[in-house]
Amino acid sequence: MARKTLKFVNVGKRMPEKRSAEMRRRDFDEIYARFDPDKASEQAGRCSQCGVPFCQVHCPVHNNIPDWLMLTAEGRLEEAYEVSQATNNFPEICGRICPQDRLCEGNCVIEQAGHGTVTIGAVESYITETAWEQGWVKPAKPRRELEAEVGIIGAGPAGLAAAEQLRRKGYQVHVYDRYDRIGGLMIYGIPNFKLEKYVVERRARLLYDAGVHFHLNFEVGRDATLEELREKHDAVLIATGVYKARDVKVPGVGLRNVFPALDYLVTSNRKGLGDDVPRFEDGTLNAEGKHVAVIGGGDTAMDCVRTAVRQGAKSVKCLYRRNRQNMPGSQREVANAEEEGVEFVWLSAPQAFLGDEAVSAVRAARVHLGVPDATGRQTPQIVKGSDYEIEADMVIKALGFDPEDLPTLFDCPALETTRWGTVKMDFRTMMTSLDGVFAAGDIARGASLVVWAIRDGRDAAEQIDGYIKAKAQGAGAGEAP
Ligand code: FAD
């Protein structure tokens, strides 16, 4: 058979079709179409099959990318799916929302050589969407059932990846979540235009079908203590994410219509899911007809500005204290936001929110970027006397998240935390200061990415399996639990 890869010299990079900005502004649907089979095969065939696959090295779950690209180029999609799902529980989710420009695609060898990266994320989505259509995606079916039980706190990507891996091994898995739906930030944080809800919901159904027990509207700390869960289960995994919003300490921060980003996004997502949301219906958390200012430059800020555009805001500005090159959010998302009409006000730091009862403007100062700090990012310095005002009758603070105080919330002072408030764990075993209690995802590593949460969940499942088996052997049973 003629070689189907190495086509990058003659075939240019193509993304799947993107809907026009004008169309996108009018709804919350995803913005990219899917590749058709020919395009997927053609684009996968651009892979150079290089000896050291930097795409794979820079993928947190070490996806075997060159292999599934080659299989896609050859039209062997079921095999491509098998290879892809072997390292990743939710490939179609990562295909949609990973910042590929910083991970696999950013390190693609042909990108470095100036040919334009292989569109790895789009091919990844295509493979798994095809697998769903063809019925190749099946619930985990353990070869035999084990008696041992694992309790998982948190139904975000870390908890769900761990749940699936443990179920595959035959454990009885109980997932507890304080929300009424499964998915964590994938359902209530990330908007539809990046990740439509059906994608998460069908994964949740798959886990139900695999026999995972979900306990929703169940808040650990309110409905049970951590100690009670430890008594009930052979091991417990904490995968609660990070939810304490960082605040901006300027005068006027308490004015009406100044909101934390997640309040705004959860409201919008709930509305999209068909829930009754009084704070949206009464206009409080609806940007329609308003001048909106979003403070911050990460993924959350990007999601807020683009949500505001879709809700029909009069104007949407994003104030960020650094410049485009130094922002943490994905460059692709910035470009999408700009196309949709968002104005970025770079090198701007809020000094005060102005207004009587409700906010009416933001007073901001210009910023000069000084010498790089230890992380290599330039330090922002306020330029004296450079203050100016931006009209805003809705302000959204998107400055990142810190961990909640879990030892207090869980009524468990023995649970040790780091100086950043994340749960302290042994990086080899993923066990916390409490025997049989493990941690994964944002609560262990700080606010991060879905793909890292998946990686942690998978690693934690392996460690929990080892722990339960070792304990059973230590107890003299000599048998698998
Ligand atoms: P979460 O997804 O936060 O899930 C934790 C779960 O634990 C939640 O369901 C919560 O209800 C539950 N929980 C918490 N406390 C308790 C308790 N006491 N009892 C019971 N349940 C509890 N990442 C990307 O890769 N790409 C993106 O485009 C992207 N966009 C983002 C946009 C926004 C607005 C935000 C906020 C984050 C974004 N991220 C993105 C980051 C990503 O969503 C997180 O890194 C990831 O979801 C972390 O997974 P997790 O399982 O650790 O936690």
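This passage walks through a predicted model, beginning with its ligand and moving on to its salt bridges and some individual loop residues. Because the model is predicted, local features need pLDDT of at least 70 and side-chain atom pairs count only at pLDDT 80 or more, while totals for chains, interfaces and linings use all residues. Residues are numbered from 1 along each chain as its sequence is written, and side-chain values use heavy atoms, with hydrogens and water left out.

The ligand is a good place to start. It is surrounded by 35 residues, of which Ile97, Asp177, Lys194, Tyr243 and Asp442 are the closest; a residue counts as near the ligand if one of its heavy atoms lies within 4 Å of it. By residue type, this shell contains 19 nonpolar, nine polar and seven charged members. In this grouping, Ala, Val, Leu, Ile, Met, Phe, Trp, Tyr, Cys and Pro are nonpolar, Asp, Glu, Lys and Arg are charged, and the others, Gly among them, are polar.

Several polar contacts (pairs of N or O atoms within 3.5 Å; within protein, one must be able to donate a hydrogen and the other to accept it, and residues adjacent in sequence count only if both atoms are side-chain atoms) involve the backbone. A polar backbone atom of Asp442 lies 2.9 Å from an oxygen atom of the ligand. For Leu185, a backbone N or O atom is found 3.0 Å from a ligand oxygen atom, and for Pro157 the corresponding distance is 3.3 Å. On its own the ligand has 1000 Å² of accessible area, and the protein covers 98% of that; such areas come from the Shrake-Rupley method with a 1.4 Å probe, and for residues only the protein chains shown count as cover.

Which elements give two or more residues to the shell around the ligand? They are helix H9 (157-168), helix H15 (299-311) and helix H19 (450-474). Helices (H or I, at least four residues) and strands (E, at least two) are DSSP runs, numbered from the N terminus. H15 supplies the largest share, three residues. On the scale of domains, whose bounds come from an automatic or database domain assignment, domain 2 (149-242 + 403-474) and domain 3 (274-400) both give residues to the shell, so the ligand lies between them.

Attention now turns to charged side chains. Side chains of opposite charge can pair when their charged atoms come close. The structure holds 42 salt bridges, each being a side-chain nitrogen of Lys or Arg within 4 Å of a carboxyl oxygen of Asp or Glu. In one of them, Arg24 pairs with Glu340, with 2.9 Å between the closest N and O atoms. Arg24 belongs to helix H1 (residues 21-24) and Glu340 to the loop between helix H16 (331-339) and strand S9 (343-345), so this pair ties together parts that are 316 residues apart in sequence. Both Arg24 and Glu340 are buried, where buried means under 20% relative accessible area, exposed over 50%, and partly exposed in between (1.4 Å probe, protein chains only).

Glu340 also forms a salt bridge with Arg310, with closest N and O atoms 2.8 Å apart. Since Arg310 sits in helix H15 and Glu340 in the loop between H16 and S9, the parts that this pair ties together are 30 residues apart in sequence. Arg310, like Glu340, is buried. These residues belong to a network of salt bridges that links Lys18, Arg24, Arg306, Arg310, Glu333, Glu339 and Glu340.

Another salt bridge joins the side chains of Arg34 and Glu133, at 2.7 Å from N to O. This pair links distant parts of the chain, 99 residues apart: Arg34 is in the loop between H1 and helix H2 (37-44), and Glu133 is in helix H8 (residues 120-134). Arg34 is partly exposed at 37% relative accessible area, whereas Glu133, at 55%, counts as exposed.

Finally, some loop residues deserve a look. His62 has a positive phi near 50 degrees although it is not a glycine. His62 is placed in the loop between helix H3 (54-57) and helix H4 (65-73) and is partly exposed, with a relative accessible area of 40%. Leu347, likewise not a glycine, has a positive phi of about 50 degrees. The loop between S9 and strand S10 (348-354) holds Leu347, which is partly exposed at 27%.
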